[in-house]
Number of protein chains: 2
Amino acid sequence: MSKPSGPTTPRKAKGPTARPKREVLTISRALSDPRRFEILQHIAAKSCAACSDLRGAFPITAATLSHHLKELESCGLIETSRRGKFVDTTFCRPAWEAYLKELKKI
Amino acid sequence: MSKPSGPTTPRKAKGPTARPKREVLTISRALSDPRRFEILQHIAAKSCAACSDLRGAFPITAATLSHHLKELESCGLIETSRRGKFVDTTFCRPAWEAYLKELKKI
DNA sequence: TCATCGTTTAGACTGTTGTCAAACCATCGT
DNA sequence: ACGATGGTTTGACAACAGTCTAAACGATGA
């Protein structure tokens, strides 16, 4: 015989079987980190939180917080806006609802 | 003065602000991988899929598939059962519903 | 101008994760 | 009992992600 073909052989991909939307993936990714999840929860709970508030609520540096907020923002779950010297983060409930709706299809 | 305290200083953690449930975290984690998400979708679509079916649907080795299935199983999203030489994977819709319900609270 | 609040970048460290190959276990036919 | 087939476990590895420090930068208000 030619080759025992090994114990396990990867097969070629067939047609994509209803691949999930990109947004769903990015949001799921954003949610996968516990800290980020908590941060999102915190923002959602007050529907609007200042960065300084968040910094008081979690033991992370400003750099890390900024990083997480950017992640959450880039997937559309939050928005940021300046209020004077401060930055407010607001929860985008529509995006959240859309995400849930998409998950519900599964 | 003593020290300018650096540019950014971590603060002490305050009381946990409504920390998310463990299950929600593990499921969110499981969903964060695109491949795993697809696999779950595939299983959910037929509500029951054989491993061999899944192996035909995705270009991954049996080992990797097994790994992913274990992840999905350990967070309660699927169950596995032997049927003769084969292993069937079934979607646990209740767990899924519970997850969605939990997310909806946010 | 200076202080404050936040962002960005860069570098480094650490833990986790997706993946594979190979060895292993389980089941069925013959 | 043996071999073939379907899945699992193990060990290893490369890639990534979260976090920090440190420093520079930007924006705002006093």
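The expected span of a helix is 1.5 Å times one less than its number of residues. Keep that rule at hand for the exercises below, which all concern a predicted model.

**Exercise 1. Check the length of helix H4 of chain A against its expected span.**

Step 1. Helix H4(A) covers residues 62-74, a run of 13 residues.

Step 2. At 1.5 Å a residue, a helix of 13 residues should span 18 Å.

Step 3. Now compare with the model: the C-alpha atoms at the two ends of H4(A) lie 18 Å apart, in agreement with the expected value.

**Exercise 2. Find out which residues of H4(A) are buried and how they are arranged about the helix axis.**

Step 1. A residue is called buried when 20 or more other C-beta atoms lie within 10 Å of its own. In H4(A), the buried residues are Leu65(A), His68(A), Leu69(A) and Leu72(A).

Step 2. Looking down the axis of H4(A), you will find these buried residues within an arc of 100°, so they line one face of the helix.

Step 3. The spacing along the chain fits a simple rule: an α-helix has 3.6 residues a turn, so residues three or four places apart point the same way.

Step 4. Turn to the other side of H4(A), and there Ala63(A), Lys70(A) and Ser74(A) are exposed.

Step 5. What do the buried residues of H4(A) pack against? Their partners in chain A are the helices H1 (22-31), H2 (34-46) and H3 (51-57), together with the strands E2 (78-83) and E3 (86-91).

Step 6. Just for completeness, follow the chain past the helix: H4(A) is followed by Gly76(A), which has a positive phi near 85°.

**Exercise 3. Work out the strand order of the sheet in chain A and describe how its strands pair.**

Step 1. The sheet is open, has 3 strands in the order E1-E3-E2, and its pairing is antiparallel.

Step 2. E1 and E2 of chain A are the edge strands, as each pairs on one side only. On average, neighbouring strands of this sheet are turned by 25° against each other, direction ignored.

Step 3. Take the E1(A) and E3(A) pair, which is antiparallel and has 3 bridges. Ala50(A) has Asp88(A) of E3(A) as its bridge partner, and Ala49(A) stands opposite Thr89(A).

Step 4. Next, E2(A) and E3(A) run antiparallel and are joined by 6 bridges. Here Arg83(A) is bridged to Phe86(A) in E3(A).

Step 5. The hairpin of E2(A) and E3(A) has 2 residues between the strands, and in it Gly84(A) takes a positive phi near 65°.

Step 6. Finally, add the helices that cross the sheet. H2(A) lies across E1, E2 and E3 of chain A and runs at about 115° to E1(A). H4(A) lies across E2 and E3 of chain A, at about 120° to E2(A).

**Exercise 4. Locate Ser47 in chains A and B, and decide whether it is buried or exposed.**

Step 1. Start with the backbone: Ser47(A) has a positive phi of about 60° although it is not a glycine. In the other chain, Ser47(B) also has a positive phi, near 60°.

Step 2. Ser47(A) sits in the loop between H2 and strand E1 (48-50) of chain A. Ser47(B) sits in the loop between helix H2 (34-46) and strand E1 (48-50) of chain B.

Step 3. Count the neighbours: Ser47(A) has 10 C-beta neighbours inside 10 Å and so counts as exposed. Ser47(B), with 10 other C-beta atoms within 10 Å, is exposed too.

**Exercise 5. Map the protein surface near each of the two DNA strands.**

Step 1. Around DNA strand C there are 31 residues, of which Cys51(A), Ser52(A), Asp33(B), Ala63(B) and Gly84(B) come nearest.

Step 2. Elements giving two or more residues to this surface are H3, H4 and E3 of chain A, along with helix H4 (62-74) of chain B. H4(A) makes the largest contribution near DNA strand C, with 5 residues.

Step 3. Around DNA strand D there are 32 residues, and the nearest are Thr64(A), Gly84(A), Cys51(B), Ala62(B) and Ala63(B).

Step 4. At least two residues each come from H4 of chain A and from helix H3 (51-57), H4 and strand E3 (86-91) of chain B. The most is given by H4(B), with 6 residues near DNA strand D.

Methods. Residues are numbered from 1 along each chain as its sequence is written. Chains are lettered from A and ligands numbered from 1 in the order in which they are written. This is a predicted model: local features need pLDDT of at least 70, side-chain atom pairs count only at pLDDT 80 or more; totals for chains, interfaces and linings use all residues. Helices (H or I, at least four residues) and strands (E, at least two) are DSSP runs, numbered from the N terminus. A residue is buried if 20 or more other C-beta atoms lie within 10 Å of its own, exposed if 12 or fewer, and partly exposed in between; C-beta atoms are placed from the backbone. The arc is that of the directions from the helix axis to the C-beta atoms. Two residues are in contact if their C-beta atoms, placed from the backbone, lie within 7 Å. Two strands pair if DSSP finds at least two bridges between them. Axes are lines fitted to C-alpha atoms, for helices over the stretch in contact, and angles run from 0 to 180 degrees between N-to-C directions. A residue is near a molecule or strand if its C-beta atom, placed from the backbone, lies within 6 Å of it.
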